[in-house]
Amino acid sequence: MNKNRRNILSKCIEELEDIKSRIEDVRNEEDDAFNALPEGIQYSERGDTMQENIDELDDATGQIDDIIDILQGVIDK
């Protein structure tokens, strides 16, 4: 792979890291909101939905990490 294409992929990695960071911020805000709920609401449908959102956002950031690793592997070859 030539230098130009490696640079493009490097910029993609930077953008993915920025996106991941923004998703983590939303995830943390959702977690804070969940933790601020009274315990009775945490165990309600609303609380369950919030917890599912948190889990899915965790999954999304993990998948972004996987993509970054793959792209970095391509760059390093």
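Is Glu24 buried, partly exposed or exposed, and what is its relative accessible area? Glu24 is partly exposed, and its relative accessible area is 32%. The structure described in this report is a predicted model.

## Helix H3 and its buried residues

Helix H3 covers residues 45-76, a run of 32 residues. From its first C-alpha to its last, H3 reaches 46 Å, which is close to the 46 Å expected at 1.5 Å a residue.

Several positions along H3 are buried: Gly47, Met50, Ile54, Thr61, Ile64, Ile68, Leu71 and Ile75. The buried residues of this helix pack against two other helices, H1 (3-36) and H2 (39-42). A general feature of helices is useful when reading such a list: an α-helix has 3.6 residues a turn, so residues three or four places apart point the same way.

## The nonpolar core

Which residues form the largest nonpolar core? This core has seven residues, namely Leu9, Ile13, Leu16, Ile64, Ile68, Leu71 and Ile75. The elements that contribute two or more residues to the core are H1 and H3. H3 supplies the largest share, with four residues. As a general tendency, nonpolar side chains in soluble globular proteins are buried together.

Leu9, one of the core residues, shows how distant parts of the sequence meet. When its neighbours within four places in sequence are left aside, Leu9 is in contact with Met1, Leu71, Val74 and Ile75.

## Salt bridges

The model contains five salt bridges. One of them joins Arg22 to Asp18, with the closest N and O atoms 3.4 Å apart. Both residues belong to helix H1 and are four residues apart, which means that about one helical turn separates them. Each partner is partly exposed: Arg22 has a relative accessible area of 49%, and Asp18 has a relative accessibility of 42%.

Lys20 forms a salt bridge with Glu24, and here the closest N and O atoms are 3.9 Å apart. This pair also lies in helix H1, where the two residues are four residues apart and are therefore separated by about one helical turn. Lys20 counts as buried because its relative accessibility is 18%, a value under the 20% limit for that class.

## A network between two helices

Which residue forms a salt bridge with Lys20 at a closest N and O separation of 2.8 Å? That residue is Asp65. Asp65 lies in helix H3 and Lys20 in helix H1, so the pair ties together parts that are 45 residues apart in sequence. Asp65 is partly exposed, with a relative accessible area of 30%.

Lys20, Glu24 and Asp65 are linked in a network of salt bridges. Within this network, Lys20 is buried, whereas Glu24 is partly exposed and Asp65 is also partly exposed.

## A nonpolar patch on the surface

Some nonpolar residues are found at the surface of the model: Met1, Ile70 and Val74 make a nonpolar surface patch of about 270 Å². Met1 is located in the segment before H1. Its relative accessibility is 48%, so Met1 counts as partly exposed. Two members of the patch, Met1 and Val74, are also among the contacts of the core residue Leu9.

Terms used: Residues numbered from 1 in each chain as written. Predicted model: local features only at pLDDT ≥ 70, side-chain atom pairs only at ≥ 80, totals over all residues. Heavy atoms only, no water. Expected span 1.5 Å × (residues − 1). Buried < 20%, exposed > 50% of the residue type's maximum accessible area, 1.4 Å probe, protein only. Contact = heavy atoms within 4.5 Å. Salt bridge = Lys/Arg side-chain N within 4 Å of Asp/Glu carboxyl O. Core = buried A, V, L, I, M, F, W, Y, C linked by side-chain atoms within 4.5 Å. Patch = residues over 30% accessible without salt bridge, like charges linked within 9 Å, V, L, I, M, F, W, Y side chains within 5 Å. Areas by Shrake-Rupley, 256 points an atom, 1.4 Å probe, with all protein chains shown as cover.
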